[in-house]
Structures are given as C-alpha cells and as structure tokens.
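Work through these exercises with the model open. Each task is followed by a stepwise solution.

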Amino acid sequence: MTEPVLQAKGITKRYGRVVAIDGSDLELYPGEILAVIGDNGAGKSSLIKALSGALIPDEGEIFLDGAQVHFRTPMDARAAGIETVYQTLAVAPGLDIADNLFLGREERKPGVLGSVFRMLDRSHMRAEAKRHMSELGVATLQNIGQAVESLSGGQRQAVAVARSAAFGSKVVILDEPTAALGVKEGNRVLQLIRDVRDRGLPVILISHNMPHVFEVADRIHIQRLGRRATVITPKSHSMSEAVAIMTGAAEPPTAAA
Amino acid sequence: MATATADFDVRRHDSFGLRVQHALHANPVLGPLAVLIVAIIAFSIVNARFLTATNLSLVLQQVTVIATLALGQTLIILTAGIDLSAGAIAVFSSVLMAQFCTKAGMPGVIALVLGLACGTAMGAINGTLVTRIKLPPFIVTLGTLTIFFSLNSVVSNSETVRGSDMPGLMTWTGNSFPIGNFHLTYGSIIMLLLFAYFFYALSRTAWGKHVYATGDDVEAARLAGIRTGRVLFSVYTVAGLLYAIGGWILIGRLASASPNVGTEYNLDSITAVVLGGTSLFGGRGSVIGTLIGALIVGVFRNGLQLAGVEVVWQGFAIGLLVLIAVSIDQWIRKVKT
C-alpha cells in the first residue's frame with residue numbers, strides 16, 4: 001500500500017476529566033475521499049480540529065507526507081498545505097467571489113505600486129479566481145465580481161470549496177459541507193468534492209448525511225467513543241451496518257479495510 | 001446543468017421595487033446621491049441664492065470638519081463598531097495643539113505633530129479596550145467620550161485660545177483661495193485628499209478588504225487567516241488620527257481653539273455615515289457615501305435656513321432623514337436572489 005498523505009497516531013485530547021479523543025488514529029491516502037462519521041461526542045470534530053491546527057492534542061503524532069508536523073494554529077496547517085472548510089462557512093458575504101477566494105492572502109501588484117502603494121493586483125486575482133472556479137466546473141458563475149451574499153447556499157459552499165482546492169496543496173478537509181443544503185445543491189457539492197479529488201487532492205469529509213457519505217467516499221472512518229472503531233468501504237458494508245457500528249449496536253469488524 | 005455546481009438562473013421579470021432594491025444593493029451610493037441631487041434642486045428652486053458659488057463654498061466649509069470626523073467614523077462602523085468619542089477626540093486634540101503653542105510655547109509644526117499624535121493615541125486607547133479587554137465599542141467610546149471631554153476642560157481651563165495667539169500654521173486650514181466666487185479652504189482640500197486616500201485604501205488594498213471582512217463576519221474573517229484584532233486596532237487608531245486632523249481643521253474654521261464646541265460632532269459624524277448608506281451592522285458602505293452623507297447634512301441645514309425654516313426644525317428634518325436611511329438599509333439587507 002502507498003504511504004498515507006496525512007496520518008494521525010494516538011491522538012488524545014482531554015478537557016479536564018472529559019476525554020474528547022482517546023488515542024485515535026487516522027490515515028488519509030493519496031487520491032481518496034475519506035469520510036469521517038460518528039455519533040455526536042464521538043470525537044470526530046476534535047480529531048479534525050487537531051488535523052487542521054485548531055486544537056493542540058495532548059498526546060499523539062501527526063505526519064504529513066511521512067514527516068512529523070506540530071500545528072499550533074490553523075495558519076500552521078494551512079501553510080503546510082492543509083485547507084479546511086469550516087461548517088460555519090468561512091466566507092465574507094459582503095465581499096465578492098474573487099475577494100473571498102483570496103481573503104487573507106491577497107496578492108499585490110508587482111513593482112512600486114504593490115510595495116509602496118500596497119495596491120492589490122485585482123485583475124490577476126480575478127483571472128485566477130475565474131480559472132479556479134472553472135477548473136472545478138463552476139464556470140457558469142459568470143460574474144466573479146458578484147457579492148457572495150447574492151449567491152445561494154450551494155454556490156457559497158462552492159466558493160469555499162474552490163478556495164480550499166485552490167490553495168490546499170496536500171489535503172482538503174470539509175466539515176459538513178452539505179448540511180445546510182437542499183437535495184439538488186447537496187448533489188452539486190458532492191460532485192465538486194469528487195472534482196477536487198480527481199484533481200489529485202485527497203479529501204477528508206465529515207458528514208452526518210449517510211447517503212452522501214456512501215455516495216462519494218472511497219473509505220469510511222467510523223469514530224466511536226473517542227477512537228477509530230474501524231474503517232469500512234461503501235462496498236464492504238451497508239449504510240445500516242455503518243450506523244450500527246457507529247452507535248455501538250454492532251461490533252466493528254476486526255480487520256480495518 | 002448536470003456538472004455545473006453553481007448555475008445562475010436568468011433573472012425573471014422583477015417588479016420595479018425589487019429592481020430598485022437590487023440596484024441599491026449592488027451600488028449603495030445611488031440612494032444618498034439621489035437624495036443629495038434632489039435636495040440641491042429643490043433648495044435652489046426655493047431660494048435662488050442657494051446655488052450661488054458663494055453659498056456652495058459656505059456649505060463645503062460648514063461640512064469639512066464633520067466630513068473628516070465621519071471619515072474616521074466610517075472606518076469604525078464598517079467593522080460593525082461605533083465611535084461616540086469622535087468629536088471629543090477632535091476637540092481635545094485641537095485644545096491640546098493650542099495649549100502646546102501658547103502654554104508650552106512650541107513652534108506650530110511641533111504643536112501640530114504632537115497634537116495629531118495625541119489624537120492617534122486616544123484612538124489607540126479605544127482600540128486597545130475594544131480588542132484586548134473585548135468591551136463593546138459603544139461602551140468603550142461612551143466612557144472615553146466622557147473622559148476626553150473632562151480632560152479637555154482640565155487642560156484648557158475651559159478657556160478659548162484665539163487664533164491670533166497661535167502660530168499661523170494652526171489656523172492655516174481656514175485660509176482659502178478663490179476659484180471664481182467659490183472659496184476653497186485648505187482644510188477642505190485636506191479633507192477631500194483624505195477621502196481620496198481612504199477610498200483607495202479601502203477598495204484597493206488588502207487592509208481595506210480585511211476591514212470589510214472583519215465587519216461582515218468576524219469569525220469568518222478570522223478563519224480565513226485575518227488577524228481581526230489587528231485590523232480593529234488599526235481602524236480605531238487611524239480614526240483617532242483622522243479626528244485629530246479634524247480638530248486642526250476645526251481651529252481654522254473657528255479661528256480659535258475652544259473646549260466648549262463640538263458636543264454635537266459625535267452624533268453628527270454618525271449621522272453623515274448613516275445617511276451615506278454605510279450599514280451600522282458593518283461590512284457594507286463606502287467613504288464616498290459618507291462624503292455624500294456629510295454634504296446632505298450640510299445642504300439640508302443651509303437650504304432650510306435659506307428657505308426660512310427655523311433652526312429647531314432643521315434638526316427634525318435631519319433626524320427624519322436618518323430614520324429613513326436606516327430603514328432603507330434594513331430593506332436592502334433583505335435582498336434575495
């Protein structure tokens with residue numbers, strides 16, 4: 001088997017006496033969509049936060065491309081090539097699509113205009129934004145200068161995913177990307193997630209939506225009681241079996257897929 | 001359709017109201033601009049003297065100080081904050097500059113620079129309280145408003161310093177040169193240059209984008225990697241500097257530095273910002289709107305006066321305008337596609 005792109009070993013996080021994650025492992029392989037499912041309180045969001053730098057684990061190691069990393073802030077993880085789309089949709093509604101794509105990493109014009117007058121290279125950023133959006137099949141958004149708040153929930157999600165795909169060089173983490181969306185828009189976002197994977201970026205998808213998970217995931221990591229219960233694939237197990245493992249109604253299979 | 005993730009439906013035939021709503025949403029300056037133009041036309045019909053160059057230059061001189069304060073106020077309101085201490089910082093800075101000249105006998109340039117530094121420091125105090133202690137801007141500036149006005153009385157002994165007792169640089173902002181019958185003061189030129197600069201900074205630099213993003217959704221901005229605390233601090237500090245420049249312009253306008261003026265400047269600056277279409281909820285608006293908003297206040301005050309309306313009713317009219325402006329802002333925010 002190939003080397004995992006992102007690997008977590010024995011991640012533990014305690015809040016006082018409460019153990020949020022209890023020695024959890026995770027492996028993400030190149031070119032795959034790994035879904036992370038689990039009941040509320042199973043520790044999946046804490047695990048993901050540890051991977052995206054939003055939380056510093058008490059114990060455990062994280063490896064990116066085989067090299068150990070220590071993320072202290074989300075910026076560290078981002079600098080290392082891990083982009084996260086948070087559930088709260090980290091977009092600024094009043095700014096336009098291009099501004100949002102480059103928010104926090106704006107590019108300045110070359111030469112004196114950029115260094116002294118700090119002028120932004122708007123035409124370049126817009127062209128880049130257009131390219132990224134169309135690469136992901138979101139080309140029908142004609143107006144890159146349109147305010148994000150005028151977009152639908154799915155379109156906003158598309159902007160957020162496009163941003164992570166544009167700047168994530170190693171891993172894209174998506175936290176409940178389809179949670180607030182209708183059926184049609186949810187399906188489009190799923191397609192977008194596949195497009196991101198097909199461009200070569202492995203994706204970690206956290207979701208409560210079992211049909212969505214079974215539709216797009218290559219492998220499914222089931223988190224239970226702060227640990228990884230097992231890893232299954234949509235082919236090896238049915239949805240109800242996954243839910244049974246997740247809730248503890250069934251014993252997890254001993255061999256991880 | 002199948003592969004496209006984000007399609008746009010072709011806009012249906014919207015009602016007139018919806019189209020106006022969309023137009024205002026896409027371009028929030030249109031509303032205030034329309035109000036300004038209508039007001040100018042109306043007042044010039046009521047009294048022919050209104051549209052003379054002499055009168056218009058008076059209007060511009062009258063709004064210069066408020067416009068400068070409103071510029072700083074705009075930056076803060078764009079971050080979803082509010083600054084009640086704007087006028088207090090301006091007046092206190094002007095008093096300090098005057099005292100540096102008269103009591104300390106400093107040359108004009110040094111007194112000016114020190115006065116501007118003091119105003120900047122006052123803004124920085126607001127910024128520190130908002131970002132470090134994490135107090136709501138309303139409470140912070142309510143407190144500093146009272147403190148600055150109190151210090152103002154202590155430092156000045158509640159005495160006005162006449163312009164003739166200060167170096168010429170202090171009152172230079174009130175000097176003007178004629179363009180035909182139009183008298184343009186240096187203070188107005190400074191004000192217009194500041195507006196031009198901040199228009200550029202807000203729309204063409206990363207700092208500007210960060211100001212909007214922070215006001216729009218502070219959590220989203222933080223997750224996008226913006227140091228929102230720094231952005232907020234910079235905004236309050238820069239606003240302090242702008243207020244102090246406003247204080248300098250005020251000395252020129254009054255030809256004196258008085259501790260007893262400017263109590264109404266705090267709210268007037270907010271009025272100008274709101275009339276200019278900048279949303280009190282943050283993230284939306286522009287300095288061009290604020291300039292128009294300040295001009296609307298000036299045009300209404302001056303025009304109503306020329307129309308023979310009593311002073312007490314001028315306030316009534318302005319207040320009514322503010323309520324209408326805020327209602328329109330709420331309506332625009334409900335825009336749906």
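The exercises cover strand pairing, a helix and the nonpolar core.

This is a predicted model: local features need pLDDT of at least 70, side-chain atom pairs count only at pLDDT 80 or more, and totals for chains, interfaces and linings use all residues. Residues are numbered from 1 along each chain as its sequence is written, with chains lettered from A and ligands numbered from 1 in the order in which they are written.

**Exercise 1.** Find the residues that stand opposite T12(A) in β4(A) and in β2(A).

Solution. Strands are DSSP runs (E, at least two residues), numbered from the N terminus; two strands pair if DSSP finds at least two bridges between them.
- β1(A) (residues 6-15) pairs with β4(A) (residues 59-64), antiparallel, over five bridges. T12(A) faces E59(A) there.
- β1(A) also pairs with β2(A) (residues 18-28), antiparallel, over eight bridges. Here D22(A) is opposite T12(A).
- The hairpin of β1(A) and β2(A) has two residues between the strands, and G16(A) takes a positive phi near 65°.

**Exercise 2.** Compare the span of helix α4 of chain B with its expected value.

Solution. Helices are DSSP runs (H or I, at least four residues).
- The expected span is 1.5 Å times one less than the number of residues.
- For the 17 residues of α4(B) (residues 86-102), that gives 24 Å.
- The end C-alpha atoms are 25 Å apart, which agrees.
- Of these 17 residues, 16 are buried (20 or more other C-beta atoms within 10 Å of their own, C-beta atoms being placed from the backbone). So α4(B) is largely enclosed by the rest of the structure.

**Exercise 3.** Which residues outside its sequence neighbourhood is I204(A) in contact with?

Solution. Contact means C-beta atoms, placed from the backbone, within 7 Å.
- Leave aside neighbours within four places in sequence.
- The contacts are L28(A), L34(A), V36(A), I48(A), V171(A) and I173(A).

Note on methods
Contact = placed C-beta atoms within 7 Å. Buried ≥ 20, exposed ≤ 12 C-beta atoms within 10 Å, placed from the backbone.
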